[in-house]
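User: Please take a close look at one part of this model for me, after a quick word on the whole. I'd like the cut-offs spelled out as you go.

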Amino acid sequence: MDGAPTRTRPAAHFTAQSGWINDPHGISVVDGRYHLFFQHVPGRTAWAPGCHWGHAVSDDLITWEHRPIALAPGDGDDGVWSGSVTIDDAGEALAFYTSVSVPDFGIGRVRVARPTDPGWDHWEKGDVVVDLPTELDAVAFRDPFVFRDGSGWRMLVGTALRDGTAAAAAFSSPDRLRWSYDGLAAQRSRSVTDPVWTGTLWECPQLFEIDGSHVLITSVWDADVLHHVAYAIGRYEHNRFTPHRWHRLTYGDSYYAPSFFRDRDGQPCLIFWMRGVGGPAQGWVGAHSVPHQLSLEGGHLVTRPHPSLTARLTALNETAQTGSPALLDWDPSATTLSASSGGGTTTVLRRTATGTEVASDDQSLTIPGDPGRHVPVLVDGPVLEVFLRTGCFATSTDSDLTVSTTA
């Protein structure tokens, strides 16, 4: 990787053609093809409340084809914010999105939309199906996640109560159109910090099952600051989630707002929004991580690069592109990892007695726990992703990275 040319756009990470992107959501498989939706502000390189739903399709989860905007502000929406997509037994798709109004966009409403063509390029907006329940004294309400539960459907909505409690409000429906409020599926006070702090609002709360255990994953928001991704392993019964223990999943200032989905083989996966990639000079801002495949190991949610990545990287490198993405196998017990950019930024990762220390010019942190002997490290132009056993770390710079190890 020495001598790699400067490149501002990664090759294996999804980016907008232009403008701003953030949260991925609604990742679905239709006729064997993946559909990705995402928060998008066309024509701007900074976030604005007038978000759209961008749309892309892929055969391999790595190479994405941009499609027309799926949903845009208007028709009663000042902004079309994050949500999810469901498909029923008859193959009918229904999107659930957060409809917001300016200037009071903290409290959203859940509205539905339907595709009007087989390729999902065009969508028609429908009714508002969920409002903030009157019994909740909340200052934020958004990001519906809808999933099947037996013969019916469940919805979780990220909620911030006025007293500093972060929560997931729960709803149920027999048909995805008529919804009843069932209370709070889970909640946690901002004052609770052990073993991990989870803020005052759970953005994009999502619930899924792996190997008989339930996992609640959420992005931690507090006072207009986006922090990290946290999760709890526990038990979901009767529309209530009981956590056994909370954990932190992400480290660094890049990962946020992951979207859960199952791939064509039914394997559990996440794709993250990656902050700090691109910039106004490039005309585009934001990226998505490569897909992370999930497993539970030793009481932790473990992420690893999706197998589709290996095949795609092989194809990219066969084209003899200097500086193509590379997936490395790092052994923290034997070496120190350094990632350096042409702009002079260096990030160093080394194993310590308590975990993995990360040090650079602008951050110093420790990812606790045993990192594992074989740590996948992906370098893709200006983007670095590190898949530790007890969490994942990512960072980005303004120019291509080169990675080296020293004993």
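Analyst: Half the story is long-range: among contacts in the protein with a separation of 6 or more, 50% come from residues 24 or more positions apart (contact means heavy atoms within 4.5 Å). Keep in mind that this is a predicted model, where local features need pLDDT of at least 70 and side-chain atom pairs pLDDT 80 or more, while totals for chains, interfaces and linings use all residues. Numbering starts from 1 along each chain as its sequence is written, and side-chain values use heavy atoms, with hydrogens and water left out.

Overall, the protein has one helix and 31 strands (DSSP runs numbered from the N terminus: H or I of at least four residues, or E of at least two). Of its 407 residues, 58% count as buried, meaning under 20% relative accessible area, with exposed over 50% and partly exposed in between (1.4 Å probe, protein chains only). The C-alpha atoms fit a box of roughly 60 × 45 × 40 Å along the principal axes.

Now for the part worth zooming in on: an open, antiparallel sheet of four strands, ordered β9-β10-β11-β12 (two strands pair if DSSP finds at least two bridges between them). β9 (138-149) and β12 (180-189) sit at the edges with a single partner strand each, so one side of each has no neighbour in the sheet. On average, neighbouring strands here are turned by 20° against each other, direction ignored; the axes are lines fitted to C-alpha atoms, and angles in general run from 0 to 180 degrees between N-to-C directions.

Inside the sheet, β10 (residues 152-161) and β11 (residues 165-173) run antiparallel, paired over eight bridges. Threonine 159 faces alanine 167 of β11 there.

Follow the chain on from β11 and the loop leading to β12 holds arginine 176. Is that arginine buried or exposed? It has 5% relative accessibility, so it counts as buried. Its side chain makes a polar contact with the side chain of aspartate 88 at 3.1 Å (a pair of N or O atoms within 3.5 Å; within protein, one able to donate a hydrogen and the other to accept it, and residues adjacent in sequence count only if both atoms are side-chain atoms). Leaving out residues up to four places away in sequence, arginine 176 touches Thr86, Ile87, Asp88, Glu92, Ala93, Leu94, Phe96 and Trp153. So aspartate 88 shows up both as the polar partner and in the list of residues touched by arginine 176, which is itself buried at 5%.
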